[in-house]
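Colleague: Before I use this model for anything, I would like to learn how to read it feature by feature. Could we look at the pockets, the helices and a few single residues in turn?

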Amino acid sequence: GYAARLFGAFNYMLPNLPSKTIDYLMLGLPLTTLNKHQDSLSAKFVGEHVINKKGDRILVRNCAVYPQPLGGYAAYYVICQNEDEHPPLALLIDVGYNTVDWITCEGLMPNANQSGAVERGMSGFLREVAKSVMKAHAIPNSTESLVVRLIDQALMSNRQTVKLSSETLDLTPHLEAGDFVLEQAARAVQNNIGHGVDIEVIIMSGGGAARY
């Protein structure tokens, strides 16, 4: 699935790649899998790849794999900083579906001692909200995965309601049921980082960033 998305991105890039060559491809992995899969992922995408059914090919000369939260830092620095400014010491928090990853860095130099990941991502939050909705409306437990998916879609669309069995249900009173998942994630970050008195900026990224 991720390879398909990457090749889809290559298709968008193709008109601006007259040589059909990428000198350096930068990819990210969660901190929970970085050490285990970093080398194999890098090796997988070095070389020539057929990226669509038309047979278009792209050559990747080099591939580097970084901790996933660094992507948020790069985006922040390009948008918010001037070239002559010293890169701030930043705490990067990447809220994914399964995990919350964090790392501190200065420039693109990460501090491995102040980094980690915890399985308190959006999926945990959504499951707790779903359980609250199902209990309040006597919805069978067997439909939990469906309810989670509907709630996820609603929140991504900034809606506070879901429709189940032709009934529109208000999510507002149930959202606090998942708050402890967010609090556990925040506590895990704090336990690792400490007081963080030298941190200049905190950057949140990932699909669950706004909620967290």
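**Reading the features**

Modeller: Let us begin with the character of a pocket wall, bearing in mind that this is a predicted model: when the residues lining the largest pocket are sorted by class, 16 are nonpolar, nine are polar and four are charged.

Colleague: What volume does the largest pocket have, and which residues are closest to its centre?

Modeller: Its volume is about 1000 Å³. The lining consists of 29 residues, of which L27, G28, L29, P30 and Q68 are the closest to the centre. Looking at the elements, those that contribute two or more residues to this lining are α1 (2-13), β1 (21-29), α2 (34-45), β3 (57-67) and α3 (70-80).

Colleague: And how should I describe the second largest pocket: which residues lie closest to its centre, and which helix gives the largest share of its lining?

Modeller: The second largest pocket holds about 310 Å³ of space. Of its 14 lining residues, M122, L155, M156, G207 and G208 are the closest to the centre, while helix α5 (residues 144-156) supplies the largest share, three residues. By class, this lining is made up of seven nonpolar, five polar and two charged residues.

Colleague: Turning to helices, how far apart are the end C-alpha atoms of α1, and what span should its 12 residues have?

Modeller: The check rests on a rise of 1.5 Å a residue, by which the 12 residues of α1 should span 16 Å, and the end C-alpha atoms, 17 Å apart, agree with that. The same kind of check can be made on helix α4 (residues 122-136), where 15 residues should span 21 Å and the end C-alpha atoms are 21 Å apart, again in agreement.

Colleague: Which residues of α1 are buried, and which are exposed?

Modeller: The general idea is that an α-helix has 3.6 residues a turn, so residues three or four places apart point the same way. In α1, the buried residues are L6, F7 and F10. They lie on the same side of α1, because the arc they cover around the axis is only 95°. A4, R5 and Y12, on the other side of α1, are exposed. As for partners, the buried residues of α1 pack against β1, α2, β2 (47-50) and β3.

Colleague: Which residues are buried in α4, and what do they pack against?

Modeller: In α4 the buried residues are M122, S123, G124, F125, L126, V129, A130, V133 and M134, and they pack against β4 (89-95), α5, β8 (167-170) and α6 (179-193). M122 thus appears twice in our reading, since it is buried in α4 and is also among the residues closest to the centre of the second largest pocket.

Colleague: Where does A138 lie, and what is notable about its phi?

Modeller: Most residues other than glycine have a negative phi. A138, just after α4 and in the loop between α4 and α5, has a positive phi of about 50° although it is not a glycine. With a relative accessible area of 70%, A138 is exposed. N158 is another residue to inspect, placed in the loop between α5 and β7 (161-164), with a positive phi near 60° although N158 is not a glycine. N158 counts as exposed too, at 69% relative accessibility.

Colleague: To finish with single residues, are S42 and T21 buried or exposed, and what does each touch?

Modeller: The cut-off for burial is under 20% relative accessible area. S42, in helix α2, has 17% and is therefore buried, and T21, in strand β1, is buried with 16%. Leaving aside residues up to four places away in sequence, S42 touches C63, A64 and V65, whereas T21, with its neighbours within four places likewise set aside, is in contact with L59 and R61. A contrasting case is A112 in strand β6 (residues 109-118), which counts as exposed at 64% relative accessibility.

Colleague: And what is the overall frame, in helices, strands and buried share?

Modeller: The protein has six helices and nine strands, and buried residues make up 40% of its 212 residues. Its C-alpha trace spans about 60 × 50 × 35 Å along the principal axes, and of the contacts between residues at least 6 apart in sequence, 56% join residues at least 24 apart.

Methods. Residues numbered from 1 in each chain as written. Predicted model: local features only at pLDDT ≥ 70, side-chain atom pairs only at ≥ 80, totals over all residues. Heavy atoms only, no water. 1 Å grid on protein atoms, 1.4 Å probe; cavity = no way out; pocket = protein on both sides within 12 Å on 5 of 7 lines; lining within 4 Å. Points joined across faces, edges and corners; volume = space filled by probe spheres on them. Helix = DSSP H or I, 4+ residues; strand = E, 2+ residues; numbered from the N terminus. Nonpolar A, V, L, I, M, F, W, Y, C, P; charged D, E, K, R; others polar. Expected span 1.5 Å × (residues − 1). Buried < 20%, exposed > 50% of the residue type's maximum accessible area, 1.4 Å probe, protein only. Arc of directions from axis to C-beta. Contact = heavy atoms within 4.5 Å.
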